[in-house]
Amino acid sequence: MNTQTRPSLWKYFILCLTRNYCSFSGTAPRREFWGFYLFLYIFSLIFGIAAAVLFAAALPWGELKGVHDQAQMQAMLFPHIASFVLVVQIIMMAFYLPIWGVTIRRLRDAGFSTAWGYGYIALGIIGLLNWAILDRFQYEGGPVTQFLGIISSAYWLLLIILACFPSRPAAEDTPE
């Protein structure tokens, strides 16, 4: 393909958030996949720094200075931390579908089964349930949480490796 006609990485990012927002069909070339993730991580970094600064500015530092009991300090900080996590998750929910869509389309373009992408979605749901159920009952982590974290990280690394493979021609495009 001529490099003059290829969309820029920014254009691919915008296309993933607009026209291909919830698209799990078709394919995504490597350039679209990496362009989307490049700008997603850049904006995540900027948003994370800004959110951390705003979060730190909103803490009741004067009240916390006089508290020496850890349980009381946790009780004072919990509403701030919970609201911060809630806002971040609501914002991230807007990006979950494009993330999964571009990953599944990229796997299809590279010639791999889309079950790899759907497996990652299932692993994310299991991790969410682990957090929602076990952590809500003051479960301090342990082997189950650590195992899910390791498996999730290894699975994501595998998906990144699979996404690096070149595009494969579709079955109807190959000569017989």
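Begin by selecting Gly149, which counts as partly exposed at 33% relative accessibility. The model on display is a predicted one. Gly149 is placed in helix H6. Add Gly127 to the selection: the two C-alpha atoms are 7.9 Å apart, while 22 residues separate Gly149 and Gly127 along the chain.

**The whole chain**

Next, display the entire protein chain as a cartoon. Six helices and zero strands make up its secondary structure, and the order of elements from the N terminus is α-α-α-α-α-α. The chain has 176 residues, of which 26% count as buried. Where contacts join residues at least 6 apart in sequence, 73% of them link residues at least 24 apart.

**Helix H4**

Now select helix H4, which spans 70-109. Where does the helix H4 kink lie? Centre the view on Leu77: a kink of about 40° is found there, shortly before the proline Pro79. Leu77 is among the buried residues of H4, as is its neighbour Met76. Further along H4, the buried residues include Pro98, Ile99, Gly101, Val102, Thr103 and Ile104. Arg105, Arg106, Leu107 and Asp109 are buried as well. After the helix comes Gly111, with a positive phi near 90°.

Two residues of H4 merit individual selection. The former, Met92, lies in this helix. Is Met92 buried or partly exposed? Its relative accessible area is 23%, so Met92 is partly exposed, the cut-off for buried being under 20%. Select Ser44 alongside Met92: the C-alpha to C-alpha separation is 9.4 Å, and their positions lie 48 residues apart in sequence.

The latter is Arg105, also placed in helix H4. Because its relative accessibility is 1%, Arg105 counts as buried. Which residues are in contact with Arg105, leaving aside its neighbours within four places in sequence? Show Cys16, Asn20, Ser23, Phe24, Ser25, Gly26, Thr27, Ala28 and Glu32 as sticks, for these are its contacts. For Ala28, the C-alpha atom is separated by 5.0 Å from that of Arg105, although the two residues are 77 apart along the chain.

**The nonpolar cores**

Turn to the largest nonpolar core, which has 19 residues. Select Phe36, Tyr37, Leu40 and Val102, the residues with the most contacts inside this core. Helix H1 (9-17), H2, H4 and H6 are the elements that give two or more residues to it. Within the selection, highlight Leu40, which touches Phe13, Phe95 and Ile99 when residues up to four places away in sequence are not counted. Apart from this core lies another, of five residues, including Leu59, Val67, Met76 and Leu77. Leu77 thus recurs here, having already marked the kink in H4.

**The largest pocket**

Switch on a surface display and locate the largest pocket, with a volume of about 820 Å³. There are 21 lining residues, and those closest to the centre of the pocket are Gln89, Tyr96, Trp100, Tyr120 and Gly124. Colour the contributing helices: H2 (30-58), H4 (70-109), H5 (115-134) and H6 (143-163) each supply at least two residues of the lining. What classes of residue does the lining of the largest pocket have? There are 16 nonpolar and five polar residues, and no charged residues.

**The largest cavity**

A probe the size of a water molecule, rolled over the atoms, shows where empty space is left. For cavities of 30 Å³ or more, the count comes to one. The largest cavity has a volume of about 40 Å³. To find it, select Tyr37, Ile99, Trp100, Thr103, Ile104, Gly117, Tyr120, Ile121 and Trp156, which line it. H4 and H5 are the elements that give two or more residues to this lining. The contribution of H4 is the most, at four residues. By class, the cavity lining has seven nonpolar and two polar residues, with no charged residues.

**A final selection**

To close the tour, keep Trp100 and Tyr120 in view. Both are listed among the residues closest to the centre of the largest pocket, and both also belong to the lining of the largest cavity. Add Tyr37, which lines the cavity and is one of the residues with the most contacts inside the largest nonpolar core.

Conventions: Residues numbered from 1 in each chain as written. Predicted model: local features only at pLDDT ≥ 70, side-chain atom pairs only at ≥ 80, totals over all residues. Heavy atoms only, no water. 1 Å grid on protein atoms, 1.4 Å probe; cavity = no way out; pocket = protein on both sides within 12 Å on 5 of 7 lines; lining within 4 Å. Points joined across faces, edges and corners; volume = space filled by probe spheres on them. Nonpolar A, V, L, I, M, F, W, Y, C, P; charged D, E, K, R; others polar. Bend = angle between axes of the 7 residues up to and from the residue. Buried < 20%, exposed > 50% of the residue type's maximum accessible area, 1.4 Å probe, protein only. Core = buried A, V, L, I, M, F, W, Y, C linked by side-chain atoms within 4.5 Å. Contact = heavy atoms within 4.5 Å.
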